[in-house]
Amino acid sequence: MAKSVIPIGPWHPLQEEPEFFTLTVDGETVVDMDVSIGYNHRGIEKLSEMKSFDQATFVIERICGICSTSHPFAYTRAVEDVIPVEVPDRAKYIRTIIAETERIHSHLLWLGLAGHFLGYNTIYHWVWKLREEILDVCEILTGNRNNYAIFKPGGVRRDFNMDDIPLVLRKIDGIIPTVDRLKKAILDDPVLHARLKGIGILTKEEVIDYSALGPTARASGVAKDVRKDAPYGAYDRVDWDMIVTENGDVFDKVVVRVLETYESIKIVKTCIAELPGGEIDLNIKDIPPGEGIGAHEAPRGETFHYIRSDGTNRPARHKVRAPTFMNLPTYKATVIGETISYATIILAAIDPCYCCTERMAVRDVEGKRLFGGPDLVKLSQEKTARMKREMGMP
Amino acid sequence: MSFAVNAMLKSPWVFHLSTGSCNNCDIEILDCLTPRFDIERFGMLLVGSIKHADVLLVTGSCNRKSAGRLKTLYEQAPQPCVVVAIGECSLSRGLFIHSYNCPVPLDKIIPVSVYIPGCPPKPEAIIGGVVKLIQKVKGT
């Protein structure tokens, strides 16, 4: 039978971000897929190298609107790793609280969008109404609904106003009954069971092969979470559980995210209750030459930042690796063999965030790609050899 | 005022286009549709194709790959089509002004009627902007 190609994108009504997928189908079954990215590329790494360490936080925040805490968290940890320095306790708790409120609103956002992808718009409207409460909490705590601008190398930029804390706690307690109802409505719904169970299965071996991260990996039984594996912030001081399920299908990814919302609520409440006093900022003046790495468990998986400093007030090299960069290739493992009607929800199940993932390729005027994979490896090896020579290493 | 414009003002259908944004403005646009803000009560509906739309909501800093496609899409839109630039990136490219991949601001590519500043603008600001747009069209 002749194969046909279905284009999805670049501006598809279901996706709020521009991204171009081509699905090759045989009848109704997907036999191959390809993805073309670059519609969102803004050259963040290069821009960040033009700014001072303090200013770069604001650029990093705008990598992605939903992860506007995760990237600065990883970046500030990378800068602190260069010095190296330990931030004050109060700053650690404030960072953790903001990161977890972000996780709650990101998971709720994903849940709503998943409902929308399935054509179940009741869930979409219901969940997004609930999400507004969390955005209110963020606004009360930091002054902004998104892009909180609260991180800086060495601490946090602003302290909480302690008069607002009772209101915040009331709002967080207020959403728990609604999340409970939501959990029952979603996890007991026969329609959702029929649509989501047993589709888009990602096995444990595939997770390890593709190095998938975050809820995508945890839904397949791979217990992988930076917050537990290498604790930072206040994560080792509060009691919380890592949610791991076994099946790896889309339904399990829903379960992981719904249950993680509860854990995040627990972390926020404990952190607010135990918020220590003291300084919030170390007032770092100079960054010495050196290298540093920072990681943070974003709502979608591990965000990783690398910083190289040459002793000036700007990063000499800044490298960002967002979780979707690792998770998106698993789409190839999960979608092939499924029918076209499941393609969108299987894609949505990894919670893709393309603006974090953007990379670019250099082509000449005829459209020929100038640097392929092997060329880049060769360039990289040559550069490593050159650097070793300059540094006098064997 | 022509019949088409009069009918459009009763229920402006919007198409949303992201040209290299950080997602925040896009999510705030979707937020406008959800129960707390609910712009559908003004007859505004998010549609899936530019060919159904009266209003084009553009977010993001128009990078090299999107800019040409944006122009093509605008040319496909049925006239009259008004363009609303949402967020600092589409106004002036914001902090991406020095980026190698964001060569020109949005209003050098297609004509823009309303600018809504903010990073990201709050849903109230987006609703306010669209109301201003309706007043502006009514005034002419």
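In this predicted model, G294(A) has H305(A) as its bridge partner in strand 7 of chain A. A little further back along the chain, G292(A) is matched with I307(A), again in strand 7 of chain A. These pairs belong to the antiparallel pairing of strand 6 (residues 290-298) with strand 7 (residues 301-309) of chain A, which is held by nine bridges. The link between strand 6 and strand 7 of chain A is a hairpin of two residues.

Strand 7 of chain A also has a partner in strand 8 of chain A, and here six bridges make up an antiparallel pairing. One place to look is Y306(A), which sits opposite K319(A) in strand 8 of chain A. The hairpin from strand 7 to strand 8 of chain A has five residues between the strands, and G311(A) in this hairpin has a positive phi near 95 degrees. Put together, the strands form an open sheet of three with the order 6-7-8 in chain A and antiparallel pairing. Strand 6 and strand 8 (315-321) of chain A are the edge strands, each pairing on one side only. From one strand to the next, the twist averages 15 degrees.

Chain A has another open sheet of three strands, this one ordered 1-2-3 and again paired antiparallel. Strand 1 (4-8) and strand 3 (29-36) of chain A each have a single partner strand, so one side of each goes without a neighbour in the sheet. Ignoring direction, neighbouring strands here are turned against each other by 25 degrees on average. Strand 1 of chain A is joined to strand 2 (residues 20-26) of chain A by five bridges, and the two run antiparallel. S4(A), for instance, faces V25(A) in strand 2 of chain A. Helix 14 (residues 340-349) of chain A packs on this sheet and touches strand 1, strand 2 and strand 3 of chain A. The direction of helix 14 makes about 145 degrees with that of strand 2 of chain A.

Helices pack on each other too. Two packed helices are described by the angle between their axes and the distance between the axes. For helix 4 (residues 89-117) and helix 5 (residues 121-142) of chain A, the angle is about 165 degrees and the axes are 8 Å apart. That angle makes helix 4 of chain A roughly antiparallel to helix 5 of chain A. Sorted by class, the contact between helix 4 and helix 5 of chain A has 17 nonpolar, seven polar and one charged residues. The crossing of helix 4 of chain A past helix 5 of chain A is left-handed.

Over in chain B, strand 1 (residues 13-18) holds W13(B), and S18(B) lies in strand 1 of chain B as well. W13(B) has 32% relative accessibility and so counts as partly exposed, while S18(B), at 1%, counts as buried. Setting aside neighbours within four places in sequence, the contacts of W13(B) include G43(B), L45(B), V47(B) and H52(B). With the same kind of neighbours left out, S18(B) is in contact with residues of chain A, namely W11(A), E16(A), P18(A) and N40(A), as well as with D26(B) and T59(B). As for spacing, the C-alpha atoms of W13(B) and Q135(B) are separated by 16 Å, with the two residues 122 apart along the chain. The C-alpha atoms of S18(B) and E40(B), 22 residues apart along the chain, are separated by 21 Å.

A few spots in the backbone deserve a look. Most residues other than glycine have a negative phi, and most peptide bonds are trans. In chain A, though, the peptide bond between I83(A) and P84(A) is cis, with omega about -20 degrees. P84(A) belongs to the loop between helix 3 (70-82) and helix 4 of chain A. Chain B has a cis bond from C119(B) to P120(B), where omega is near -10 degrees. P120(B) is in the loop between strand 5 (114-116) and helix 5 (123-139) of chain B.

Positive phi values turn up at N147(A), about 45 degrees, and at C62(B), near 50 degrees; neither N147(A) nor C62(B) is a glycine. N147(A) sits in the loop between helix 5 and strand 4 (151-152) of chain A, and a relative accessibility of 3% means that N147(A) counts as buried. C62(B) is found in the loop between strand 3 (55-59) and helix 3 (64-76) of chain B, and C62(B) is buried, with a relative accessible area of 1%.

Definitions and conventions:
Residues are numbered from 1 along each chain as its sequence is written. Chains are lettered from A and ligands numbered from 1 in the order in which they are written. This is a predicted model: local features need pLDDT of at least 70, side-chain atom pairs count only at pLDDT 80 or more; totals for chains, interfaces and linings use all residues. Side-chain values use heavy atoms; hydrogens and water are left out. Two strands pair if DSSP finds at least two bridges between them. Helices (H or I, at least four residues) and strands (E, at least two) are DSSP runs, numbered from the N terminus. Axes are lines fitted to C-alpha atoms, for helices over the stretch in contact, and angles run from 0 to 180 degrees between N-to-C directions. Contact means heavy atoms within 4.5 Å. Angles under 35 degrees count as roughly parallel, over 145 as roughly antiparallel, 65 to 115 as roughly perpendicular and the rest as oblique. A crossing is left-handed if the near helix is turned anticlockwise from the far one by less than a right angle, and right-handed if clockwise. Ala, Val, Leu, Ile, Met, Phe, Trp, Tyr, Cys and Pro count as nonpolar, Asp, Glu, Lys and Arg as charged, and the others, Gly among them, as polar. Buried means under 20% relative accessible area, exposed over 50%, partly exposed in between (1.4 Å probe, protein chains only).
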